[in-house]
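Colleague: Before this model is used further, I should like the reasoning behind its descriptive terms set out. Please take each term in turn and show how it is reached.

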Amino acid sequence: MTPPDMELQTASVAPSNVLPVDVFDEPVPRRTPGRGPLSTGRKYSNIFRASLKERMAYRGDFLLGTILRFLPMVTTILLWRAVYAGSGQPIQAGFDYSEMIAYLLLVHISRMFSSMPNLAGGIARDIREGTLKRYLIQPFDMIGYLISYRVAHKVAYIVTSALPYGLLFFLCRGYFQTFPDATTFAAYMLSLVLAFLVGFFFEVCVGMVGFWFLEVTSLLYIVMTLNFFISGQMLPLDLLPEPWVTILKWLPFQYMAYFPAVVFLGKVTGMELVRGLLAEAAWAVGFMILGRFLYRLGLRRYSAFGG
Amino acid sequence: MRILAKYLRLLGSLARFTLAREMAFRGNFLVKVSVEVIWLGIMLAFYETIFGRTKVLAGWRKDEFLFFVGCFFALNGLIEMLFLENCNDFAELVRTGDLDFLLIRPIDEQFLITCRRVDWATAPNVLMGAAVMGIALARMHWQFDPVRVMAFLATFACGTAIAYSFMLVLTAFSVWMVRNQSLMEMWWLFSSLARYPKEIFLGSRAEPLGFLFTFILPILLVANVPANAMVRTLNPPMVGFTLFATAILLWASRKFFQHALRSYRSASS
């Protein structure tokens with residue numbers, strides 16, 4: 001069984017790309033909204049607010065999930081303790097036991113920012129079923145809409161998960177030997193925001209493939225399954241043998257889990273850190289441009305079936 | 001006996017029907033299978049990486065642990081193939097009220113709800129897991145021992161039944177918690193307990209947990225006992241306890257499920 005995406009709770013009932021109804025329930029503006037940056041900002045902040053409300057409506061079922069969420073962490077900690085005990089060596093690939101556990105906790109935070117359940121699948125569905133046209137006839141940009149929607153969901157998700165994760169990190173505080181200094185922490189925050197952007201635009205690109213192929217969920221499954229390993233969610237990439245470490249550190253996937261975690265742990269410093277952040281930003285921009293390009297190209301052959 | 005035969009026949013027809021349906025979308029089937037192959041590859045890469053660092057993991061040697069990995073993969077594959085998708089659908093049946101259409105049929109509700117469809121795409125997992133176990137046995141030059149094989153087969157079946165019972169209880173919760181998180185996710189989280197040998201539960205804080213999950217909520221018996229019986233020490237009291245726990249759990253989970261069904265209020269039909 002492949003690991004399910006842990007944010008999927010509302011997936012079946014609220015497909016993420018459906019416009020929340022109350023976007024349109026806002027009081028009718030007395031005058032036609034202008035075209036300035038202010039009204040654009042208001043437009044997207046309305047989308048943001050509506051999505052936030054939608055998201056907070058389903059918080060009740062959180063409890064059982066929260067309890068169960070601790071179990072894999074327990075086995076992971078015990079497994080790595082057995083590995084360190086068995087090897088008889090206190091440091092593996094530059095990670096001591098506490099750092100290893102801290103790393104495995106921190107990738108959860110990375111994934112909180114970079115995982116995008118339903119994004120690519122939603123775009124592909126919009127293309128396939130012809131509902132994409134609502135973005136073409138309404139005065140907002142699809143990618144702009146999706147990113148406001150996604151930021152709202154992320155905020156709600158992070159807010160609702162803050163309690164269980166806060167508890168988890170509190171219980172595991174012993175594994176964090178030092179808290180990073182201000183600069184490192186700022187770099188960590190930046191790397192998380194960039195992780196969100198890399199994850200978002202990467203999935204947008206995958207979704208755009210739907211213009212050319214009717215069925216992208218299969219491609220998506222394969223990508224997501226591979227991503228679980230090559231982004232460093234299961235173990236720090238440094239533990240892998242060459243040439244895999246080098247290859248995987250060239251790919252964008254490490255920024256969705258591995259990179260922010262090692263930044264927090266202070267494993268990447270100085271110029272290396274700057275270079276890493278720049279590369280992460282470059283991947284985000286690269287995927288953004290590619291996504292736009294594919295969207296333009298795709299719209300030319302899009303024929304709005306159905307709907 | 002006639003009832004058992006009837007249900008077996010029914011299961012056969014359902015399996016044939018779902019196979020025919022699955023074969024109508026062969027491409028989809030192949031993709032699902034290849035995702036599972038990739039996943040097994042990832043598990044093995046993880047295993048190799050770990051044993052690149054240590055020779056023994058909580059008393060399990062490399063080949064023994066490989067057998068454990070195969071055993072868990074096969075067992076989980078069997079669970080997924082027979083039950084997971086059906087149980088996953090249950091929350092939606094409750095939410096929409098479509099459960100009514102299943103309850104009015106003259107068949108046992110638990111059977112109909114949990115065995116309606118066979119997910120053929122995960123059937124190869126059982127074979128892949130068996131292949132991994134076979135490789136592990138060959139590597140350790142395992143001597144054929146009919147007693148061990150019998151014990152393995154029996155406890156493997158028990159492990160499947162224990163996992164099924166736990167899944168049934170998790171499924172039943174969705175009667176009260178409409179729209180709960182997908183069972184798929186809950187099952188992934190819960191079954192992570194069974195993914196590793198129970199010997200890793202070591203130390204003053206972990207041992208009570210190990211005890212809890214061995215004797216009270218015995219999810220740790222699932223892959224541990226069959227793998228132990230086959231490649232490590234065959235411990236007859238443990239095998240006996242597993243048989244006993246299986247019977248208790250099957251009974252208790254059924255009672256719980258029936259209790260949950262009585263609380264079902266057929267809301268939206």
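The exchange below takes the terms one by one and sets values against cut-offs.

Colleague: How do you know which parts of chain A carry low confidence, under 50 in pLDDT?

Modeller: This is a predicted model, and pLDDT is the predictor's confidence in each residue, on a scale from 0 to 100. For chain A the mean is 82, with 85% of the residues at 70 or more. Residues 8-31 of chain A, however, stay under 50. The model still has 52 contacts beyond four places in sequence for that stretch.

Colleague: What makes up the contact between chain B and chain A?

Modeller: Chain B contributes 45 residues and chain A contributes 44 residues. Together the two chains bury about 4,100 Å², and carbon and sulfur atoms account for 74% of that area. Five elements of chain B are each listed with at least two residues on the side that touches chain A: α2 (26-53), β1 (56-57), α3 (62-96), α8 (183-191) and α9 (206-216). The most comes from α2(B), which gives 12 residues. On this side of chain B there are 29 nonpolar, 9 polar and 7 charged residues.

Colleague: How many salt bridges and how many residue pairs in polar contact are counted between chain B and chain A?

Modeller: The count of salt bridges between chain B and chain A is 0. Polar contacts are found for 5 residue pairs, both residues being at pLDDT 80 or more. Over all chains, the salt-bridge count comes to 16.

Colleague: Why is the pair D238(A) and K249(A) called a salt bridge?

Modeller: The criterion is a side-chain nitrogen of Lys or Arg within 4 Å of a carboxyl oxygen of Asp or Glu. For D238(A) and K249(A) the N to O distance is 3.0 Å, so the pair satisfies the cut-off of 4 Å. D238(A) sits in the loop between α8 (217-230) and α9 (244-250) of chain A, while K249(A) belongs to helix α9, 11 residues apart.

Colleague: Why are D238(A) and K249(A) described as partly exposed?

Modeller: The class runs between 20% and 50% relative accessible area. D238(A) has 23% and therefore counts as partly exposed. K249(A) has 32%, so the description is again partly exposed.

Colleague: What makes R117(B) and E85(B) a salt bridge, and where do they lie?

Modeller: Their side chains meet at 3.1 Å, N to O, and the cut-off is 4 Å, so the term applies. R117(B) is in the loop between α5 (109-115) and α6 (123-139) of chain B, whereas E85(B) is in helix α3 of chain B, 32 residues apart. R117(B), at 22% relative accessibility, is partly exposed, and E85(B), at 28%, is partly exposed.

Colleague: How do you know that R148(B) and D145(B) form a salt bridge?

Modeller: Their closest N and O atoms are 3.7 Å apart; the limit is 4 Å, and therefore the pair is counted. D145(B) has a relative accessible area of 25%, so the residue is partly exposed.

Colleague: Why is R232(B) called buried?

Modeller: Buried means under 20% relative accessible area. R232(B) has 19% and therefore counts as buried. The residue lies in the loop between α10 (221-231) and α11 (236-262) of chain B.

Colleague: What surrounds R232(B), and which salt-bridge network includes R232(B)?

Modeller: Beyond four places in sequence, R232(B) contacts G59(B), W60(B), E64(B), R148(B), E199(B) and A227(B). The network of salt bridges links R61(B), E64(B), E199(B) and R232(B). The side chains of R232(B) and E199(B) also make a polar contact at 3.4 Å, and the limit for that term is 3.5 Å, so the name is justified.

Colleague: What makes S110(A) and A15(B) buried?

Modeller: S110(A) has 0% relative accessibility and therefore counts as buried. This serine is in helix α3 (residues 97-114) of chain A, and its contacts beyond four places in sequence are L192(A), M256(A), A257(A), P260(A) and A261(A). A15(B), in helix α1 (residues 2-24) of chain B, has 14%, so A15(B) is buried as well. With residues up to four places away set aside, A15(B) touches V118(B) and W120(B).

Note on methods: Residues numbered from 1 in each chain as written. Chains lettered and ligands numbered in written order. Heavy atoms only, no water. Contact = heavy atoms within 4.5 Å. Buried area = accessible area lost by both parts, 1.4 Å probe. Polar contact = N/O pair within 3.5 Å; in protein donor to acceptor, adjacent residues only side chain to side chain. Helix = DSSP H or I, 4+ residues; strand = E, 2+ residues; numbered from the N terminus. Nonpolar A, V, L, I, M, F, W, Y, C, P; charged D, E, K, R; others polar. Buried < 20%, exposed > 50% of the residue type's maximum accessible area, 1.4 Å probe, protein only.
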